[in-house]
Amino acid sequence: MRYSGFKVIKEALTGHKGWQPAWRDPAPQPHYDIIVIGGGGHGLATAYYLARQFGQHRVAVLEKGWIGGGNVGRNTTIIRSNYLLDGNEPFYEFSMKLWENLEQDFNFNAMVSQRGVLNLCHTDAQRDAMRRRGNAMRLNGVDAELLDTEGVRRMAPFLNFESARFPIKGGLLQRRGGTVRHDAVAWGYARGADARGVDIIQNCEVTGFRIENGRVKGVETTRGFIGAGKVGVAVAGSSSKVMGMAGMRLPIESHVLQAFVSEGLKPVLPGVITYGAGHFYVSQSDKGGLVFGGDIDGYNSYAQRGNLPVVEDVCEGGMSLMPMIGRARLLRMWGGIMDMSMDGSPIIDKTHVEGLYFNGGWCYGGFKATPASGWAFAHLLATDTPHSTAKAYRFDRFLKGLMIDEKGMGAQPNLH
Amino acid sequence: MNQMNRINGQPLGGTEATGAPRSGQANRLSGGQIDHAKTLNFRFDGKTFQGHPGDTLASALLANGVRLMGRSFKYHRPRGPLTSGSEEPNALVELRSGARQEPNTRATVAELFDGLEAMSQNRWPSLSFDALAINDRLSTFLTAGFYYKTFMWPKAFWEKLYEPIIRRAAGLGSLSMETDPDLYDKGFLHADLLIVGSGPAGLAAALTAGRAGAQVILAEEDFLFGGRLIAETYRLGSGSGADWAAAAIAELAAMPNVRLMPRTTVIGAFDHGITGAVERVSDHLAVPAAGKPRQILWRIYAKRTLLCAGAIERPIPFENNDRPGILLAGAIRAYANRWAATPGKTVAIFTNNDDGLRTATDLIDKGVSVAAVIDTRPEGKTLAGTTHLKGATVIDSAGRLGLTGITVRLGTGETRQIACTALGVSGGWNPNVHLTCHQRGRPVWDAKIAAFVPGADLPPSMSVAGAATGDLTTSGALASGAAGAVAALDALGITARAAELPEAEDAPVNVTPFWYVKHGKGRAWIDQQNDVTVKDVKLAHQEGYRSVEHLKRYTTLGMATDQGKTSNMAGLAVMAELTSKSIPATGTTIFRPPYTPVPIATFAGRSAGKDFRPVRQTPSHKWAAEQGAVFVEVGMWKRAQWFPRQGETHWRQSVDREVLATRNSVGICDVTTLGKIDVQGTDAAEFLNRVYANPFAKLAVGKVRYGLMLREDGMAMDDGTTARLAEDHFVTTTTTANAVGVYRHMEFCRQCLWPDLDVQIISTTEAWAQFSVAGPNARKLLQKIVDPGHDISNEAFPYMGCGEITVCGGLRARLFRISFSGELAYEIAVPTRYGDGLIRAMVEAGKQYDSVVYGTEALGVMRIEKGHAAGNELNGTTTARNLGMAGMVSKKKDAIGSTLSEREGLNRDDVLALVGFRPVDRSRPLVAGSHFINVGAEATAANDQGYMTSVAFSPNLGHSVGLGFLKSGGARKGETLRAVNPLNNEEVEVEVVSAHFIDPEGDRLRA
Amino acid sequence: MIINHPLLGPRDSQEFIYLGDANLIERPDWQAANAVETFHDYLYLRDNPAGEHRELWYHEQGDRSWLVVTRNTVTHEISKVELARDVARSKGRSK
Amino acid sequence: MPDHSLAPLLPLGGATPRRDTFAGLTITENPDVAIASVACRMGRDADLAKAAAALFGTALPVPGQMVAKGDWALFWTGPGQWMATAPFATHEDISRIVKAGLGDTASVTEQTDAWVRFDIDGARAPDMFERLCILDTRRMAAGSANRTMIEHLGTFVLCHRAGEAFSVLGPRSAAASLHHAHVAAAKSAI
């Protein structure tokens, strides 16, 4: 069924009787050409592009709970392609281009809102580093503007220009950056994949891999064995748990990242703003809530909750940057489990097991990467060759010394 | 007895009666917990009203006959209060004005004070006439999730047209956009037992624990203690519940081991028994007292927590169940009993349990007319003094801006119209399990009361008592509160005896599940704030959004400011019916912190604005400020950036002067901010030999050596100089930025890697004021400072020498012959308190040489001229090889980072190398952050040759100079490249040169 | 969180800095033939269990001790706290 | 005490110590204490104990504790580490004095000017402290010495008399911020 304004009106006038389920609820078949483990944004996008782009239709997505229940449903909804390094920038720009046509592509309004992402800088050295990054973006054909203090003031006059502990010296602006209604991304991909024949199987937890002489044959699940020609794992947050079942240790730690939303407010913020001298980034949802976050709690965790010190640290950053939000109330806090990798960049690669492929290590950049991640993973699964923009996301880059370390923090996952 | 006059330490607020007419308060009753003798004036939407101390904004407005207080989120439906507490979804207002304007404040908990100002919100032009109420007419088009299905064409219209409209319509209240003028604070409390809630269970627990001598904190979100006890009329022992509560509070207030915390909401249960609580210190005042915070965020470390948070009543959705005047039955009872106010003169009750009947009885006793009691239960005792309709339901209501009547369907099937201006609805009570879920605990179903109760997976150290457990009787609450305290203290080894308790009612509520009224084609509201109706839930089910998580996210059920406290159950029940599953099988939605919304400023406390982080000042700060220095933030330090002199209008004039004077004569710079670590022990040399990539074992006493420190992954971590003061004593310096991290790293190496090395370290960064004295006349200047006994001639004190000396007539000091500027230079250190005196003395001594004091800009210029790597080069991704120091990484010893720096990817022929650059056209400035592109090549990422890290105008060379990383840089000296800066649409042709622009052979250093 | 410091008793985790897996104590031999591989595994690979995890915390705002904390990464429950120096010695590390 | 020509500057920038008074509480800047750190050399615990007893006239304190004897006050700062303090007027060169007494049993480092010290006196002290730090100063015993965080800074909190006499030692460079935090917390509480 195609969604449209006309359809909405027609259904409204006929009692909404015609709406169908957005996706089926099929029982697992005994065998699929490709199984994607993980019904989050990346897994669903992978299945969608496998079907839409690579002609794969005997595909199943296995989700242990409900689709979209992981990080795609618990993030701060920011999209951007303002990366510095060659290994990253083309990939995230590819993702941005997919975002820009996504809704028309999968016929679901995910409210892709390109209202700009502004990273602020507070020292001359930060500005130099930002200029290097902005120029790298431009050399990659990506939009970027370096604002001075006055430029920032024009865009966000409510920021603390008077009594800031760390003065605002400018900012790097990507106008094409913005936000997306996160749940809608999972639902849109699920609906689009389902419509193209993909089986989305919820409440089906993978409990093991069946591997015979180095080749994957399928997966054991809480709903029995399911055979597969190829298995792709896209379970960021739980990557170590799942790949551990295939005997792999990963260059990844699981950490909790808290996010926060305020009560609804009339329009306050122009786009996304990030603080360069504290851990704070914020945007405003279409419903009016300030959606904000900061640093990860910093210790390994699989609990989807955090603790007060980080809540306080984030709000301190917010209050030093934009003191006019002081009387807005924080409504809800939640935590997502991040696949923090050893250089802050993801992995999309084959494994030592033939037919077993891995997608993870997204740190907290996973949401913005969803479309490109799905496409690139589908490309790898379908063609056995990495997508042109994802060639650097290899397991062996650490052994070879080819890290993709945007922040320069090294093998310290909680600092990326 | 009136508790308003009883709570110790609580300001009464209010003013003596102004003689203002009471007649305005048409719906004011007698009695209650308010001070009728005092009158408070307040304004709502510009109109003046009167209320009394003890009122909330909601109770005062109801007393004044005002039911309409807000508009709903989506359909802009007229709304009045549904509840009398913090779970209120409807009566949200903008409280106060100007910079203190406070959006989305629940009128039901806003404590009335004289001069209070409130405005209704989310309406235009006025509350009674709201243009966007048109949405209500269009509601059939605006069903759950409609926006996911449209607004997609044409693509560009989303940001330009649709979204701005949606954003303006959405949102609730608005911010003033001004800086909040109030103070906020944070604090930390410790206790044996934290009791959350002061209803019958909480008070019984507090008395039990308090009398046992335990350290007790009793936190109550209300401004009065007692919970339901002060909202009910039933007796406790010989007196009223309010009397008993007041007496209990009086006893507790006299106990030094008990801390009573009214106006304090426990917002979250975090790891290991830590709870967060927000105390509203000044929200009941017009303006906080001087120096006092508006609110305090308390972090409470209690060994045990006893949750006595009571229960929250739930409504029964029926067609048009959201009109102003339709409240929860318990709320109407509370308004009448505690606040002496009624939402209407003629009230009807709609209930599925006996508790609803109580409201009718209490209203009748207060002389409020009860038009009828509509009871879904066909059986049961009949209530006297009113029409008690059994097996009946309310199927519709009337009244555009406030309730005028209801339509009832009798058990017989016939319908009846009943005129009333208020309706009390009771669908039963949900135990308040909120905090039990904060560590992902899941409530379990209790069929007896048809509600979820706390599960077994409570946060460790938390237990639950009273109505929160599902025991809804007062006697049960008292008993379980006392028992809960005894058990909690027993776990701590404290013996307590349960407080003797008064006789109290123990009537069961006899609830028979009745989740929503099926009759009718219209809309029945489940989530009143977000306008989620029964129809929306049905549509979500039809479209496959059937898991609770999908239901919530698709319909926004339970996502409003009340977080579903009054709506989640009905939503679940409807979905359960549609999927023909039981409610527990359908699922439960768990709650997340905070319990009620908390101002962002409260979480920040004092760490806001300029107090975000502390300021570190250098020993010469006072002197520099006297000179009118311009300061710059370097981490938490404030350092002098340059020292403008008379007539200098541009920073470059000052910086050029400081550089030239230093290179031509002598300059002084405060370098105290560099980290200093004292390293001692018989193995100190071996220790340094392992933490630095280059050798240290053979450094002679009295000598200094430059050290390059790598991370284990081979990237440069930090660099600095290390001086050997004795065989077993070194002083090593770090960069300002990495001082803390390097110290931490050294402790890791010392304790975790080589635990038996005899090495002790301690930071001395703050203990010594250290100044660089650089330039041809540096020695001459210092000879006037250093005591004559110490020979600092080039022969006696050569380059890279160091020693302990005395200055200015005997003050102990340290002297290091090191140079960052490339000039003949020393660094001299004295105990910090004498740093101010020393710089004044050196400036005096330098006068005859026209010495200058230079800031961080000149420092930067000179280190770039000299080609020293600094922060811009040590960016965490650069190896020794990138920095041109590959030779320093000794292969003959084990040092952190040496092994992994051998990886192939870090040693390819074309790796980046640090080189110098100068503009071909010397008049052109260079720009840091430019990228290098070969001449003739297209400016694309594929052709990127590297990037410029640091630039400066060299007043010595008369042109701009730069440092940068260039592919195969070492082999490209003399090559011409383009430094492109597309951000500014500019590029400069540059020549690759040595990074050492000044004195490449280092003759000056050794002079 | 609260870490029960072996010398100082319960202290708020806010006084500490987290490093990660306690295996970082077991730094490999730099002279081994495959040193690059062993250092790679040592520095980059993690067990990252959902459950009991031995990890390094540094009491930066306290007594500067490095601690090995055994903590459940699902419940955050801490079952054991040791001085890292003692753990290092027990693993045969010395000079 | 060497007689040189340089005038000292107090941490808060004044010539005389700063003092702030509230009902039931005073906050006093105290520059008159010399400090040296003492760190036991590997395996020399017994020798150090002996030398320390001879020098200070008391045993070195155990973790979390402070001892005072005559001119000397000592508090534990870490495993095998202590701070030794004495009157500045008579012990300005404290590190040499302590090193001379302890010889090669310990590493000794001058710490006097690394710290700003505020003496906190009065029954309302805990009311201020509970808005500054995590430590339970209300129930802290006399002789307790702890390092914790105040205003994002690592500080020592010493308890001289339970509930009413404390000292706070913080990084000297941040003296002004630390002082501001104490005064703000005191105003907030009192």
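**Exercise 1.** Decide whether the crossing of α15(B) and α20(B) is right-handed or left-handed.

*Solution.* Look at the two helices in chain B: their crossing is right-handed. The crossing would be left-handed if the near helix were turned anticlockwise from the far one by less than a right angle, and right-handed if clockwise.

Before going on, note that this is a predicted model, where local features need pLDDT of at least 70, side-chain atom pairs count only at pLDDT 80 or more, and totals for chains, interfaces and linings use all residues. Residues are numbered from 1 along each chain as written, with chains lettered from A and ligands numbered from 1 in written order.

**Exercise 2.** Find where the two helices sit, at what angle they cross and which residues meet.

*Solution.* Step one: locate them. Helix α15 of chain B covers residues 651-664, and helix α20 of chain B covers residues 856-866. (Helices are DSSP runs of H or I, at least four residues; strands are E runs, at least two; both are numbered from the N terminus.)

Step two: compare the axes. They come within 9 Å and cross at roughly 60°. (Axes are lines fitted to C-alpha atoms, for helices over the stretch in contact; angles run from 0 to 180 degrees between N-to-C directions.)

Step three: list the residues. From α15(B) come B:Trp651, B:Val655, B:Glu658, B:Val659 and B:Thr662, and they meet B:Glu857, B:Ala858, B:Val861 and B:Met862 of α20(B). (Residues are in contact if their C-beta atoms, placed from the backbone, lie within 7 Å.)

**Exercise 3.** Split chain B into its domains, and say how far apart the centres of domains 5 and 6 are.

*Solution.* Walk along the chain. You start with domain 1 at 3-147, then meet domain 2, built from 188-311 and 431-490, with domain 3 at 316-426. Next comes domain 4, made of 616-673 and 767-862, with domain 5 at 675-763. Domain 6 spans 908-1007. (The bounds come from an automatic or database assignment.) Now take the C-alpha centres: those of domains 5 and 6 of chain B lie 33 Å apart.

**Exercise 4.** Work out which pair of chains shares the most contacts, and what chain B brings to it.

*Solution.* Five pairs of chains are in contact, and chains A and B share the most contacts. Count both sides next: 90 residues from chain B and 89 residues from chain A. On the chain B side, elements that supply at least two residues each include β7 (102-106), α9 (534-542) and β49 (944-954). The biggest giver there is α3(B), with six residues. As a contrast, chains A and D do not touch, and their nearest C-alpha atoms are 11 Å apart.

**Exercise 5.** Describe chain C and the side of it that touches chain A.

*Solution.* Count first: chain C has two helices and six strands. Along the sequence they read β-β-β-α-β-β-β-α. Its C-alpha atoms fill a box of roughly 45 × 30 × 20 Å along the principal axes. Turning to the contact, 18 residues of chain C touch 21 residues of chain A. On the chain C side, β3 (17-21), α1 (35-44) and β4 (52-58) each supply at least two residues. The largest share, three residues, is from α1(C).

**Exercise 6.** Find out how the two domains of chain D meet.

*Solution.* Domain 1 combines 19-31 and 114-189, while domain 2 is 33-112. Their C-alpha centres lie 23 Å apart. At the contact, eleven residues of domain 1 face ten residues of domain 2. On the domain 1 side, β8 (115-121) and β9 (145-150) each give at least two residues, and β9(D) gives the most, with three.
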